[in-house]
Amino acid sequence: MDFNLDETQSDLRKLAVELLDREVSAGRLEAHEASGAPYDARLWSSLAQAGLLGACLPEEAGGAGFGPVEMAVLLREVGAHVAPVPVQQSLVAALAVARYGSREQREALAPLAEGGLVLTSALREPGRDLGAAPAVTARRDGGGWVLDGRKSTVSYAAQASRILVPAVTDGGVGLFLASPEAMTLRPESVSTGEPAATLILEATPGEPVGAQDGEAFDGLRRLALAGIIAVSSGVLAGALALTTEYVRTRRQFDRALAEFQAVTVQIADVYIAGRALDVAVWSGAWRLAEGAAEEAETDLAVGALTVTDSALRALYTCQHLHGGIGLDVTYPLHRYFAWGKHHAHLLGGVEARLDTIGALV
């Protein structure tokens, strides 16, 4: 196993870093937050023009056909820049459709490469773990399928053209593409400020993606976990960079904070948490790309636990080392903290992740 990025992946990362460094400034983020817009449409368009949104799409959709590792490369940089665009939600759903959908469904992904399409998926349900079998049901109705039930905390649901919805059928769990116009959306507030909603499905038409044998559902769940931990890895890396610069330049008692041993030790703990999360991210993504689903399951479970436990504590340490300024909404650290908390909540917290690991071993 080699965790070094190959030449193509390195180029992809370099392109993403250069674009996001240029476009995601503190002033741009503040302007976006003040605008009330669901996402930064100009940044979304720039990502499309640079070919980053299409990199992981299948060739039938005009994409480069890259997979989970390249998705993780992009999402890690999105997290490191706390970029307010639906890249994670769209790429996770698109890769699931690319793997399990029909040729027509793969071809329908083409507008995403040009920024003309937003996708999302609805894995969470009230009172259920992220990886639990859904309570939402799908039944045949004439020549098609209809969905009934509720999904919670679905990011960018109102902005999505299509939502990938897991549902249980008589034959097992399947995935269905549904239109947000065909369901009731109740807005939810999340710490990142991104739009989210609870979906109320009442005989909502759904288009099946793959067979209803649970395989596509498991595939979507693993891709979603890989996406969440990749973004979280970037969030922690961004917070570490910000905190390192702060303690290097902030002076107390005529010395830089970084010269105090107690500060150095705490920064080291944040660095170690980031390295541990990175290992889980790259190992999980690499195994997914290699088709080693069972092995990837373990890596992703460890990564998810790290997001909810040591990575979250590391973000608290970054807050602590900043003192009061870390909580100030005019200082950028608060965004990293909000993103870290949000993604830990999506994963259900430490106890839920420990239960998952316990079930695997």
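## A walk through the chain

Start with the whole chain on screen: of its 361 residues, 54% count as buried. Keep in mind as you click around that this is a predicted model.

**The overall view**

Switch to cartoon and you'll be looking at 13 helices and 9 strands. Turn the chain along its principal axes, and the C-alpha atoms fill a box of roughly 75 × 45 × 40 Å. How does the radius of gyration sit against that of a compact globule? For 361 residues, such a globule would come out near 21 Å, and the protein chain has 20 Å, so the two agree.

Now put on a surface. About 15400 Å² is accessible, and carbon and sulfur atoms own 51% of that. Colour by charge next: there are 29 positive and 44 negative charges, and their mean positions are 4 Å apart.

If you draw contacts, look at how far along the sequence they reach. Taking those with a separation of 6 or more, 73% are between residues 24 or more positions apart.

**Stop one: the aromatic pairs**

The structure holds 5 aromatic pairs. Select tryptophan 145 and phenylalanine 176 to see one of them: the ring centres are 5.3 Å apart, with 55° between the planes, and the pair is tilted. Which parts of the chain does this pair tie together? Tryptophan 145 is in strand β3 (residues 144-155) and phenylalanine 176 in strand β5 (residues 172-178), so the link joins parts 31 residues apart in sequence.

Are these two rings' residues buried or exposed? Tryptophan 145 is buried at 12% relative accessible area, because the cut-off for buried is under 20%. Phenylalanine 176 is buried as well, at 0% relative accessibility.

Next, pick tyrosine 246 and tyrosine 331. Their ring centres are 6.5 Å apart and the planes meet at 70°, so this pair is edge-to-face. It links distant parts of the chain, 85 residues apart: tyrosine 246 belongs to helix α8 (residues 215-249), while tyrosine 331 is in the loop between α11 (310-322) and α12 (333-346). Tyrosine 246 counts as buried at 14% relative accessibility, and tyrosine 331 is buried with a relative accessible area of 15%.

Before leaving the aromatics, show Tyr39, Trp44 and Tyr156 as sticks; these form one aromatic cluster.

**Stop two: histidine 32**

You've just had Tyr39 on screen, so stay there and add histidine 32, which has Tyr39 among its contacts. Histidine 32 is part of helix α2 (residues 26-35) and is buried, at 14% relative accessibility. What does histidine 32 contact, leaving aside neighbours within four places in sequence? Show Ala37, Pro38, Tyr39, Asp40 and Pro84 to get the set.

**Stop three: threonine 308**

Finish on threonine 308, in helix α10 (residues 293-308). With a relative accessible area of 6%, threonine 308 is buried. Add histidine 343 and draw a line between the two C-alpha atoms: they are 8.0 Å apart in space, though 35 residues apart in sequence.

Which residues does threonine 308 touch, not counting those up to four places away in sequence? Select Ala344, Leu347, Gly349, Val350 and Arg353, and you have them. Ala344 falls within helix α12, which covers 333-346.

Methods
Residues are numbered from 1 along each chain as its sequence is written. This is a predicted model: local features need pLDDT of at least 70, side-chain atom pairs count only at pLDDT 80 or more; totals for chains, interfaces and linings use all residues. Side-chain values use heavy atoms; hydrogens and water are left out. Helices (H or I, at least four residues) and strands (E, at least two) are DSSP runs, numbered from the N terminus. The radius of gyration is taken over C-alpha atoms; the globule rule is 2.2 Å times the number of residues to the power 0.38. Buried means under 20% relative accessible area, exposed over 50%, partly exposed in between (1.4 Å probe, protein chains only). Contact means heavy atoms within 4.5 Å. Accessible areas come from the Shrake-Rupley method with a 1.4 Å probe; for residues, only the protein chains shown count as cover. Lys and Arg count as positive and Asp and Glu as negative; His and the chain ends are not counted. The place of a charge is taken as NZ of Lys, CZ of Arg, CG of Asp or CD of Glu. Rings of Phe, Tyr and Trp (its six-membered ring) pair if their centres lie within 6.5 Å; planes under 30 degrees apart count as stacked, over 60 as edge-to-face and the rest as tilted.
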